[in-house]
Amino acid sequence: MQFKRIGIALLVFTLVGIGIFTQILIRQEEKESTQDIYYKGNQLVSLISLHSIHDFEGGKHDFFIRTIMEYTSCQGLVYCFIYDRNGKPIVSLTPGNLESEIPNHIQTESLAAMGSTYQPFKTMGSGHKIYEFSRAIFENGEKTGTVRIGLKPPSISIISMQRVSLMAMIAFFIISAVIIVYYGFVKYLKPLEQFVENISNTHNGSATVLNNSSKNFRIAPMMEEFKNSMVQFKKRVEKIETNNKDLASKVGVLRFEKNQVTNILNSINFGIIITDIQDNVGHINDYMLNLLNIARPDVMDQPLEEIIQHPEIISFISQQERLEHARASTHIDTEFAERAPGKTFRISCSLLMDGETAVIGKIIMLNNVTREKAAEKATLEFTAHLSHELITPLTTIKSYSEMLMDGEIEDSETQKEFYNTINSETSRLSRLIKDLLNLSKIQMGSLTLNKGLVKSDWFFGDCIAAVEGAAQEKNISIQKHLPDNFPSLMGDKDQLKGAVINILSNAVKYTPTNGEIHFSLKEENNRVIFDIKDTGYGMSEEDLSHIFDKFYRSSNPQIVEQQGTGLGLAITSEIIALHEGEIEVQSEPGNGTRFTVKIPKEEYYLGKQ
Amino acid sequence: MENNKKVLVIDDEAQIRRVLELKFKNRGYQVIMAKNGEQGFDIIQKQKPDIVISDINMPIMDGKTLCEKTNGLKKYRSFLTIIITARINPEDRDWIDTLQDTLFMEKPFSPARIVEAVEQYIGGQG
């Protein structure tokens with residue numbers, strides 16, 4: 001709706017209203033004037049009827065007429081009749097032919113009445129409204145006459161000055177009220193317009209509809225705009241809600257993935273701490289928490305230094321920052337003496353990068369390398385021993401050869417001695433190299449065993465034959481203890497023989513002259529048992545724990561190992577293991593040594609097949 | 001041709017002792033032998049050899065410890081120490097440099113070269 005139309009409608013309405021109001025006023029005035037007339041009429045006739053009839057006769061007649069005339073000209077008195085007791089008119093004041101227009105019954109009624117009458121009527125000719133009042137004149141209790149008057153209501157002109165001015169005033173007030181309201185409305189409309197324009201701009205970029213409409217009275221376009229904006233708004237809210245659902249599910253996925261990462265971190269068997277650039281802990285896995293004996297809530301976001309109170313580690317980590325351009329990760333090996341005594345840990349530290357250049361934190365890894373360290377140490381020791389064992393015979397060979405070549409040995413006995421020594425050292429060296437290769441093969445898993453049926457009686461005999469010579473030289477007797485039935489075993493005959501002969505020759509070496517060796521063979525629990533007991537020097541518990549180590553040499557001064565390779569028992573134990581057997585040692589210093597070797601019988605294997 | 005110089009050979013390996021013994025005896029030196037560092041140290045103090053030829057890896061007291069112990073003695077009486085060793089590290093070289101009148105020989109060694117070094121030392125002394 002345009003405001004113009006409202007204005008016009010309002011104006012029309014005002015005028016109609018004024019018209020209706022005027023009509024009402026007129027009716028009101030008429031009613032008032034009727035009442036006024038009634039009152040006046042009654043009063044007049046009452047006044048007149050108070051006079052004696054004689055007042056109206058004769059000479060007083062003119063005085064009365066003059067008085068009445070003065071009275072009536074201002075009061076709307078149309079006629080006045082006075083009658084005597086017989087109904088004969090004494091006074092008759094009436095304009096022209098009015099009397100003929102008065103209906104007869106009026107007169108009759110009035111003359112007949114003993115009191116007063118009130119009879120409004122309409123004249124017969126022109127239809128004017130007249131109000132007749134009559135009253136009987138009483139003197140001494142007798143009706144002496146009747147007075148009749150007729151009063152005319154004053155004409156109410158629609159257009160009177162008073163009325164016009166009143167109407168004008170009303171119209172003025174209404175119109176001004178309307179104008180005030182209108183402008184007030186517009187004024188209050190402006191902020192609303194602005195508000196809607198703003199909303200519209202947010203959604204559509206411009207208040208399209210508003211801008212296209214005329215300047216005034218634009219509630220309709222404004223409402224339209226508002227509606228559009230609300231629709232847009234609703235769409236956006238819906239979109240946001242959809243996005244929120246999306247995000248919620250994405251957050252769920254991320255949380256799951258984070259949990260996965262956390263689970264992975266906690267499942268691995270080494271420690272991980274991830275810090276931010278300020279060295280505060282972001283992630284720490286269960287392994288690390290266990291090692292340091294701390295709880296995760298206590299250490300999250302705490303500075304690293306407070307959690308790892310280990311100056312060596314902290315200084316290593318801070319060194320890593322300076323290497324950041326190299327982006328290399330090195331490590332340190334250290335211990336946590338109180339929490340994990342005897343264990344060595346390798347700490348390494350990498351920088352956590354976001355893309356190519358931005359450092360966003362550090363990853364600190366901690367690995368238990370105790371076994372690796374021990375293995376490293378063992379390897380180093382082995383290498384050192386090996387070098388020694390190789391160099392020694394070579395030294396002898398070289399220096400003896402040199403002396404022989406220089407002609408420095410003149411004595412032929414000494415020459416023989418030297419040649420023999422060179423020869424035996426060469427053999428020693430070659431034995432060592434063979435043993436080394438054998439052991440190496442076994443340990444690398446590339447040794448192929450020629451498994452076959454081994455008859456224990458032949459085996460037993462062969463082993464003894466191999467050491468008999470050396471035993472006889474020291475006058476050591478080898479006592480045999482044999483079973484009634486010789487079991488057979490499955491295995492590589494040569495390797496097994498080598499293994500057992502190692503033990504036997506050790507027994508010969510470490511037993512002084514005139515000693516004894518007891519070599520027994522028996523069957524027990526599906527296994528073939530070789531038992532070798534000597535009356536030799538025996539060894540301490542310290543030595544016992546190391547005898548299967550490579551190149552282990554006893555520190556006992558009584559034991560001078562010259563001829564062996566140092567690898568004999570190491571190889572023996574590996575061979576036994578490859579045959580799924582067991583080897584046990586018992587020894588006491590001064591009380592000899594006892595080796596027990598158990599190899600599964602052949603049925604064991606057959607059963608397996 | 002006898003000379004009055006004493007050579008002490010310290011090695012736990014009998015063959016090494018044997019070859020050095022013969023080598024020096026053939027040249028008229030008096031040769032004393034020891035099986036380990038402790039024996040060697042004892043002999044050095046008591047018999048005051050002019051030359052000490054020692055292995056490194058020996059039981060009871062090794063060559064390194066022996067050298068450090070005997071280095072102090074060289075303030076009062078100078079003698080040559082020759083260390084026979086399988087492998088020589090840069091650290092070992094540095095360490096030997098700190099000792100007085102001490103040389104090293106790598107194994108396998110040549111007995112002739114040892115004799116050379118000894119005679120050079122004695123020549124320098126006299």
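## Two open sheets and two nonpolar cores

In this predicted model, chain A has an open sheet of 5 strands, ordered β7-β6-β10-β9-β8, with antiparallel pairing. Its edge strands are β7 (281–284) and β8 (331–335) of chain A, each of which pairs on one side only. From one strand to the next, the twist averages 25°. Strand β8(A) is joined by 5 bridges to β9 (residues 344–354) of chain A, and these two run antiparallel. Within β9(A), A:T344 is the residue that stands opposite A:E335.

Helix α12(A) packs on this sheet and touches β8, β9 and β10 (358–368) of chain A. The direction of α12(A) makes about 120° with that of β9(A). The helix spans residues 370–405 of chain A, and A:R371 lies in it. Is A:R371 buried or exposed? With a relative accessible area of 72%, A:R371 is exposed, because that value is over 50%. Between A:R371 and A:T344 there are 8.4 Å in space, C-alpha to C-alpha, and the two are 27 residues apart in sequence.

Another open sheet of 5 strands in chain A has the order β12-β14-β15-β17-β16, with mixed pairing. Here the edge strands are β12 (477–481) and β16 of chain A, each pairing on one side only. The twist averages 15° from one strand to the next. Strands β15(A) and β17(A) run antiparallel and are joined by 7 bridges. A:V528 has A:I599 in β17(A) as its bridge partner. Helix α17(A) packs on the sheet, where it touches β16 and β17 of chain A, and its direction makes about 140° with that of β16(A).

The helix packing on the two sheets is set out below.

| Helix | Strands touched | Angle between directions |
|---|---|---|
| α12(A) | β8, β9 and β10 of chain A | about 120° with β9(A) |
| α17(A) | β16 and β17 of chain A | about 140° with β16(A) |

The largest nonpolar core has 43 residues, and those touching the most other members are A:L504, A:I517, A:F519, A:F530 and A:I532. Among the elements of chain A that give two or more residues to this core are α13 (412–444), α14 (456–473), β14 (516–524), β15 (527–534) and α17 (568–578). Which element gives the most? It is α15(A), with 7 residues.

Leaving aside residues up to four places away in sequence, A:I532 touches residues including A:V500, A:I503, A:L504, A:A507, A:I517, A:F519 and A:F595. A second, separate core has 29 residues, among them A:I409, A:L429, B:L80 and B:A117.

Definitions and conventions
Residues numbered from 1 in each chain as written. Chains lettered and ligands numbered in written order. Predicted model: local features only at pLDDT ≥ 70, side-chain atom pairs only at ≥ 80, totals over all residues. Heavy atoms only, no water. Helix = DSSP H or I, 4+ residues; strand = E, 2+ residues; numbered from the N terminus. Buried < 20%, exposed > 50% of the residue type's maximum accessible area, 1.4 Å probe, protein only. Core = buried A, V, L, I, M, F, W, Y, C linked by side-chain atoms within 4.5 Å. Contact = heavy atoms within 4.5 Å. Pairing = 2+ DSSP bridges. Axes fitted to C-alpha atoms, helices over the stretch in contact; angles between N-to-C directions.
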